[in-house]
Amino acid sequence: MARSRRSRRTLTVVVLVVLSLSLISLDLNGRTHSLTSGVKSVANDVYAPLRQGVLDVINPIGNFFAGAFHYGSVQSENERLQRTIGQLRAQQAERGFEARQLRELLALAQLPFLASLPTVTAQTIDEYSSNFTATITLDKGRADGVDVGYPVVGAGGLVGQVIQSFHHTCVVRLVTDGQSKVGVTFGDQLTGIVDGQGPGRTMTADLVAPHTPVHKGEVMFTSGLDAAAFPPGIPVASVASFHTAAGASQESIDVHPKADLSQLAYVDVVQWVPPT
């Protein structure tokens, strides 16, 4: 019985194939158009479900091979887009950095403590720090009017002092450097010396008599006394804490630099030497 059904199905398929070929031949010859159009319509209704089933199987396979052939181009396009995104992000960061630099330059141009002193604006090109040393290198030197001993200021106050000057570069010792010492005045004509203790360490104000009235947040300025290394009136540090230990010869005062030493993209070198 099963063999008989298979034989009938085989015969049906053969007949349909032969009929299809005959119809195609007639249609190509341009004859019996009315006959073939009707038969083709019936054949289309018969074959449509079978054709759709075949397409459902073949299409995913075709898409897979198409994707495999185009994978390389898709990957290249993805890499190109990633590079474009990276460039846009870099440009955005660069614009933000330039905006910060512009704000620093504007702040330097309005430093009230510089009065009419001549200055040379310089850019930081290198920085160095160790346990006790804190220096920066600027892109200006002797040929640009920068000499050893010149004070260096930034937004907020005193940054340091030029200790080496070359043709087009110079090295600046920051106020936090372990060898930095700045004579200051504060309060009612009180004086002292702000000492650097090294990067990351709190600076101290020394040579202040015990029990001297000091206030937290009080600002200390360059004294400008005779033979001082800095002109008067530049903010140096603000008081962070203070106390007098029993039997101490001086008050213990911790201070923070007034200049923002973490933002030194641009600074001003003050062309000033102590009056003789």
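## Strand pairing, charges and cores

User: Quick one to start. In β5, which residue is the bridge partner of G160?

Analyst: L174 in β5 is the bridge partner of G160. Keep in mind that this is a predicted model.

User: How many bridges pair β4 with β5, and in which sense?

Analyst: There are 5 bridges between β4 and strand β5, residues 170-174. The pairing is antiparallel. The connection is a hairpin of 4 residues.

User: And β3 with β4? Parallel or antiparallel?

Analyst: Antiparallel. Strand β3 covers residues 151-154, strand β4 covers residues 157-165, and 4 bridges hold the pairing. One residue to look at is P151, whose bridge partner in β4 is Q161.

User: What about the turn there? Which residue takes a positive phi?

Analyst: G156 does, with phi near 115°. The hairpin of β3 and β4 has 2 residues between the strands.

User: Switching to charges. How many salt bridges are in the whole structure?

Analyst: The search finds 3. One joins D195 and K181, with the closest N and O atoms 3.2 Å apart. That pair links distant parts of the chain. D195 sits in strand β7 (residues 190-195), K181 in strand β6 (residues 181-186), and the two are 14 residues apart.

User: Is D195 buried or exposed? Same query for K181.

Analyst: D195 is buried, at 7% relative accessible area. K181 is exposed, at 57%. D195 counts as buried because its value falls under the 20% cut-off.

User: Which residue does R173 meet in a salt bridge?

Analyst: R173 meets D177, at 3.9 Å from N to O. D177 is buried, with 4% relative accessibility. R173 is partly exposed, with 22%.

User: And K140?

Analyst: The side chain of K140 meets that of D139 in a salt bridge, 3.6 Å from N to O. D139 counts as partly exposed, at 25% relative accessibility.

User: Now E251. Where does it sit?

Analyst: E251 is in the loop between β10 (235-243) and β11 (252-257).

User: What is the nearest side chain of opposite charge to E251, and how far away is it?

Analyst: K216, at 14 Å. E251 is buried yet has no salt bridge.

User: Which backbone nitrogen lies 2.8 Å from its side chain, then?

Analyst: That of T212. The distance runs to a polar atom of the E251 side chain.

User: What else does E251 touch?

Analyst: Leaving out residues up to four places away in sequence, the list includes A205, V208, A209, P210 and H211. F242, H243 and T244 are also among them.

User: Last topic, the nonpolar core. How many residues in the largest one?

Analyst: It has 24 residues. Those with the most contacts inside it are V153, L158, V194, M220, I253 and V255. β6, β8 (203-206), β10 and β11 each supply at least two residues of this core.

User: Who is V255 in contact with?

Analyst: Not counting neighbours within four places in sequence, its contacts include V194, M220, M203 and A205. A237, V239 and A240 are also among them.

User: Which residues does the second core include?

Analyst: L138, V146, V152 and V269 are included. That core is separate and has 17 residues.

Methods. Residues are numbered from 1 along each chain as its sequence is written. This is a predicted model: local features need pLDDT of at least 70, side-chain atom pairs count only at pLDDT 80 or more; totals for chains, interfaces and linings use all residues. Side-chain values use heavy atoms; hydrogens and water are left out. Two strands pair if DSSP finds at least two bridges between them. Buried means under 20% relative accessible area, exposed over 50%, partly exposed in between (1.4 Å probe, protein chains only). Lys and Arg count as positive and Asp and Glu as negative; His and the chain ends are not counted. A salt bridge is a side-chain nitrogen of Lys or Arg within 4 Å of a carboxyl oxygen of Asp or Glu. A polar contact is a pair of N or O atoms within 3.5 Å; within protein, one must be able to donate a hydrogen and the other to accept it, and residues adjacent in sequence count only if both atoms are side-chain atoms. Contact means heavy atoms within 4.5 Å. A nonpolar core is a set of buried Ala, Val, Leu, Ile, Met, Phe, Trp, Tyr and Cys residues joined through side-chain atoms within 4.5 Å.
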